[in-house]
Each structure stands twice: as C-alpha cells, then as structure tokens.
Amino acid sequence: MAEAKQHRQERTVDQVPALRDAMSLPTERKRCRQRREQPPSNPSSSSVSTSSSEGDACFTLKTPCPHNTNSPDGHRNTGSRRRRRRRRPKKNHKNSNEQQHPPLTEQEQSKYVALDCEMVGAGLYGETSMLARVCLIDWNSNVIYDTYVTPTETVTDYRTFVSGITPELLEGAVDIWTCRDVVASLLKGKILVGHALKNDLHVLHLNHPWQNIRDTGKYEPFMTTLGGGDRLWPRKLKELAHEKLGGRIIQDPSKGAHNPFEDARAAFDLYKLVRNKWEKVMDYKIQKTNEIITLMGEQETKQLELKGTNKQDEAVASPQ
C-alpha cells in the first residue's frame, strides 16, 4: 500500500508542472542564495536540474530563476549600479519670480498709469454718481495727478464714509472739464490700470482703447462664481489685495474713508503679479481681433466688387 501511495505521489509530481515547480522552489531559492554569495563562472546559465530520490521523476527546469540576480529576467542585475530617482532641486521662488516678471526699463514703465476716482451722489437719494476726486500714479507709485473736482450737479449725498469727501474739500476745486482735459492728455497712448475702470471713465466722460485697459475687476483669474453658476463676477479690490498682496489691508473703516492713492497702488500691484500672463492673453485677443477685422474687410471688398460687376452686367444687358 505504501508503494502504491509513493507511486501515486510521483506520478502526480510528473503530471502537474505547477506542483512540480512548487516542490522544487525551496531548493531553487537555496541555489539562488548560493549564487549571490559566490557567483558561478558562467553567470548566463540559469537552468536548474533536479531529480527525485527514486530516479523515476527526474526532470530539468529550463525556466530562468526569478531570484537569480544575474538572470536577464531577474529583478535586477548586481553587475550594474542601482538607479536612484533623481531628486529635483527646490525652486527658488525669488529667482523664479524674477524670471517670470523681469524688470521693465524706464521707457516701458512710462507706458503704464493707474487711475482711481472718488464719487459723490446727486439726484434723488444720491443715486447718480458725480466725480469728486481723481488720482493718477505711475509705475513706481509716484503721484502724477491728484485733485478734487467740483460736481456739475447739486450734491445730495457726499458718501463721506466711503469717499472721504466733505463740502469743505470741494471748495475751490477745479471744474470737471478742466480735469477731463488734463486726464485725457495724461492717458493718451498709455496702458491704463485700475479696478472697475468702467465707472471711473464714465464719470470722467472719457473713452480709452480696450486693448490699453488692464482692469483687475475684469481679469478672469481674479473673478469668482456665485451660486454655483458658470458666470464670472468681479471681486472687491479689498478682498483681492488682502488675498494676493500678502494680507495688505486697504479701505479699512477704522482708518477712515477710501484713499484713491491706496486703491490705485493696490490695483497696480495686482497687475504686476500677473503681468506676463495677462499680456500674453491680451496679445492673443489683439491678434484674433485684427484677423477678424482683416477677414471682414476682405469680405466687404468682395461684396463691393460683386455689386460693381452686377451693375456693369445690368448696364450691358439693358437696351439702348
């Protein structure tokens, strides 16, 4: 009975390759360990021969040893150095900012100005905004023009808690049209920076080319969505300054009313943070606009030529 059991076991080992490999695995691992300690003279040989005690179940493993470090199919080769993951050096944020925002020359800086205005209320309940003060600064935060303006209508709400304007400050102020001419001459050919510039230009009765306007209230990365919708809404200058400019506090009620100089400087500093990206976006928009204008001009020219050809054909076809 013992001979039948042994014969059945040997037959099972020969007939089932997986079982055969599992039974030879301890011997295989031992040989791999010996090879690592004492490398053989022929490292390319990776076959292992194993025989049973009876001699009937003699077989040879032709598969490469997965634990052999000298095997081409092994996990690694001891003859080559282990590759180490290259660590990237830490970025120097100061240097990266200088690369992203290279300093401008004096000539380039002279092309930029920042504007902020303060208004008072006129009309019923003071709902109509009237210009009361205007402030212009250059790239280096130097004041170019700062003056109070006499409103053209009767003031019903000075909005002192916001604008800081009182009746005494408007005594002897310049008229709106003189102020308008001075500001228009200062803005000519300049890139205008500010926050919610639409309101400032409206009370100044001025227009400025859209390609020369940098409004931080309309710059998409500075805007936000409300109510989970996709529409972008402008944020307050006070919030942007505190978030983007290292916690800078402007328009603090404890310090008094708004200061147009501080607001203009905050808008300028926000623009400087993203100037390169912003200018790339503007270059793309200007290029696309010019392409559309050129295409429309070509289409209009073709239409005029077609109309002229049709008129000539009609003149030829008409009887004399």
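Tutor: A pocket here is an open set of grid points, over the protein atoms alone, with protein on both sides within 12 Å along at least five of seven lines. Keep in mind that this is a predicted model.

Student: How do I picture the search for such spaces?

Tutor: Rolling a probe the size of a water molecule over the atoms shows where empty space is left. In this model, the largest pocket has a volume of about 600 Å³.

Student: Which residues should I click on to find the centre of the largest pocket?

Tutor: Try Glu118, Val162, Gln251, His258 and Asp263, which are the closest to its centre among the 24 lining residues.

Student: Which element supplies the largest share of that lining?

Tutor: Strand S3 (112-122) does, with 4 residues. Helices H5 (160-163), H7 (197-204) and H8 (237-244) each supply at least two.

Student: And how does the lining of the largest pocket divide by class?

Tutor: There are 9 charged, 8 nonpolar and 7 polar residues.

Student: What is the volume of the second largest pocket?

Tutor: About 380 Å³. It is lined by 15 residues, and Ile213, Asp215, Lys218, Tyr219 and Lys285 are the closest to its centre.

Student: Which elements give two or more residues to the lining of this second largest pocket?

Tutor: H7, strand S9 (213-215) and helix H10 (275-317). H10 gives the most, 4 residues.

Student: How many polar residues does the lining of the second largest pocket have?

Tutor: None: this lining divides into 9 nonpolar and 6 charged residues. For the largest pocket, by contrast, the count of polar residues was 7.

Definitions and conventions
Residues are numbered from 1 along each chain as its sequence is written. This is a predicted model: local features need pLDDT of at least 70, side-chain atom pairs count only at pLDDT 80 or more; totals for chains, interfaces and linings use all residues. Side-chain values use heavy atoms; hydrogens and water are left out. On a 1 Å grid over the protein atoms alone, a cavity is a set of points where a 1.4 Å probe fits but cannot get out, and a pocket is an open set with protein on both sides within 12 Å along at least five of seven lines; lining residues have an atom within 4 Å of a point. Grid points are joined across faces, edges and corners, and a volume is the space filled by probe spheres set on the points. Ala, Val, Leu, Ile, Met, Phe, Trp, Tyr, Cys and Pro count as nonpolar, Asp, Glu, Lys and Arg as charged, and the others, Gly among them, as polar.
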